[in-house]
Amino acid sequence: MASSLLIYCFYALVILVPMAFYLRSQKRRAARAREAAEKGKLFSEGPKAQHPHIDVTNCIGCQSCTAVCPEGDVLAMLGGKAVLVNGYKCIGHGLCAEACPVGAISMVMASPSMGAEMPYLTPKYETSVPNLFIAGELGGLALIRNAVNQGRDCIDTVANRVAALGAARSLPGVYDVLIIGAGPAGISASLRAMEKKLNYLTLERDEIGGTVAKYPRQKLVMTSPVEFPMYGKLKKTELSKEELLAFWNQVLRRADFKVRSGERVEDVRRGEEGIFTVVTNNGQYSSHAVVLALGRTGTPRKLGVKGEELPKVMYRLIEADHYINKRILVVGGGDSAIEAAMGLGFQKGNQVTLSYRKGSFSRIKERNAKRLEDCIRTGKVKVVLNSIPVEIKADAVILEVSGELREIPNDFVWIFAGGIPPNDFLKKIGVQFGMRDITLEASSEAQQAALERKQPAPA
Ligand SMILES: Cc1cc2nc3c(=O)[nH]c(=O)nc-3n(C[C@H](O)[C@H](O)[C@H](O)COP(=O)(O)OP(=O)(O)OC[C@H]3O[C@@H](n4cnc5c(N)ncnc54)[C@H](O)[C@@H]3O)c2cc1C
């Protein structure tokens, strides 16, 4: 009798002890998730752009999604299901959607108000103007991988459309397609156009490489494996800006890469016959289709203060180590401003002041918030909150701090007030804007794959 009681106790322990540990770990995880959610509320009003949407009826709570997110706690597990706790941190990697074994995650845009600021696109990235396509960040999704995939897919559609034109395709002086912008989306579109043997031309106002060419030196670029037409897969998921630019250069050297840089597109008009006229600062071109791969960086937003036209005022920092022993003002409250201030603060002899118009940094990455605290503590960066520059002089800057004027000695000013996206340009050329849910190719592929796994194999 006693021995069977002992056996019962033993089995009870074997079952109950691991269960108690499991429940305790679940409780801790839920507490961490709630804490992250609270922080999420504190740091922002919610997702800014693309973010994962979880179909809770399908979610099996396996945690694959929370484990793969490179941005940290965008998702967390609450009550055995994945929930969005820090949507504002999502920059659209879509790895969670790829990792979800049951296809319960799709990537969607933020809010109706956000959608209203984005061009309306069909699933083939066509705008409301027939045969006018948008690829890359201009369509609302960030990341190199998305830009590359969309640039390639647009050209596949164009190739089918121009093939269907038959004899009407070969008109003198009319390209099959004009690609505008030579960032990741435009380069990928150009490569695909070469592969498909299209009669194409790429127009770039600036340098080849787009936003990537303007990253700070040695910036680590994170990308999930991305496949460039003609070149295959870039297998490394972390590479430096310079490595990526070396790849661009390989493309540039190709005789069949037909690009004209220094050509800023100013107008795109579609004539009655469906032929586009693209007007640049240098001339004009005609084509059957146009791919806009302009990115969303647009033009840097200016402060409009006296002295802003001085050559010491800049809007982009590429080489922080070129500036030593200088008195520097950085203006802005986003990640770019903070990273620039810290980068400059670490150079020998620099005195860096970071001016922000608000009372706290509410929309920066937590990693940056922590690093900034360290920089303030060690004197590498001095932060002046509730301040705005009112005048920039040759050797000083006047800041208005909580209503009082303060003059500080200064050699250089960097302004990070965001960019003006080319929305006005798009509206001028007839592109309609409006809300839509967009689903990353990655997530739809993942969903498709998951669906296929769930469905019985065809007989
Ligand atoms: C600081 C920073 C860090 C980032 N880090 C990463 C990262 O680690 N990993 C990642 O995947 N993504 C990262 N991104 C995002 C990534 O750089 C972009 O999503 C990507 O470059 C978008 O590619 P795109 O071709 O759509 O646009 P862009 O790269 O912006 O290229 C657009 C091109 O169009 C040209 N253009 C614009 N207007 C005209 C015109 N009117 N006429 C002719 N040409 C025009 C521009 O000069 C530019 O060359 C980062 C972005 C920033 C700002």
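The exercises below, each with a worked solution, concern a predicted model.

**Exercise 1.** Work out whether helix 8 is largely enclosed by the rest of the structure or not, and name what covers its buried residues.

*Solution.* Begin with the criterion, by which a residue is buried if 20 or more other C-beta atoms lie within 10 Å of its own. Applying this to helix 8 gives Ser336, Ala337, Ile338, Glu339, Ala340, Ala341, Met342, Gly343, Leu344 and Gly345 as its buried residues. Because 10 of the 11 residues of helix 8 are buried, the helix is largely enclosed by the rest of the structure. The final step is to look at the cover over these buried residues, which includes helix 9 together with strand 18 (327-331), strand 19 (351-355), strand 20 (381-384) and strand 24 (412-415).

**Exercise 2.** Describe how helix 8 and helix 9 pack, and state which residues make the contact.

*Solution.* Two packed helices are described by the angle between their axes and by the distance between those axes. For helix 8 (residues 335-345) and helix 9 (residues 366-377), the angle is about 35° and the axes are 10 Å apart. Helix 8 passes helix 9 in a left-handed crossing. On the side of helix 8, the contact is made by Asp335, Ile338, Glu339, Met342 and Gly345, while helix 9 contributes Asn368, Arg371, Leu372 and Cys375. Sorted by class, this contact has 4 nonpolar, 2 polar and 3 charged residues.

**Exercise 3.** Find which residues come nearest to the ligand, and how the shell around the ligand divides by class.

*Solution.* Of the 32 residues around the ligand, those that come nearest are Gly136, Gly181, Gly183, Gly210 and Gly295. The shell as a whole divides into 17 nonpolar, 9 polar and 6 charged residues.

Key: Residues are numbered from 1 along each chain as its sequence is written. This is a predicted model: local features need pLDDT of at least 70, side-chain atom pairs count only at pLDDT 80 or more; totals for chains, interfaces and linings use all residues. Axes are lines fitted to C-alpha atoms, for helices over the stretch in contact, and angles run from 0 to 180 degrees between N-to-C directions. Helices (H or I, at least four residues) and strands (E, at least two) are DSSP runs, numbered from the N terminus. A crossing is left-handed if the near helix is turned anticlockwise from the far one by less than a right angle, and right-handed if clockwise. Two residues are in contact if their C-beta atoms, placed from the backbone, lie within 7 Å. Ala, Val, Leu, Ile, Met, Phe, Trp, Tyr, Cys and Pro count as nonpolar, Asp, Glu, Lys and Arg as charged, and the others, Gly among them, as polar. A residue is near a molecule or strand if its C-beta atom, placed from the backbone, lies within 6 Å of it. A residue is buried if 20 or more other C-beta atoms lie within 10 Å of its own, exposed if 12 or fewer, and partly exposed in between; C-beta atoms are placed from the backbone.
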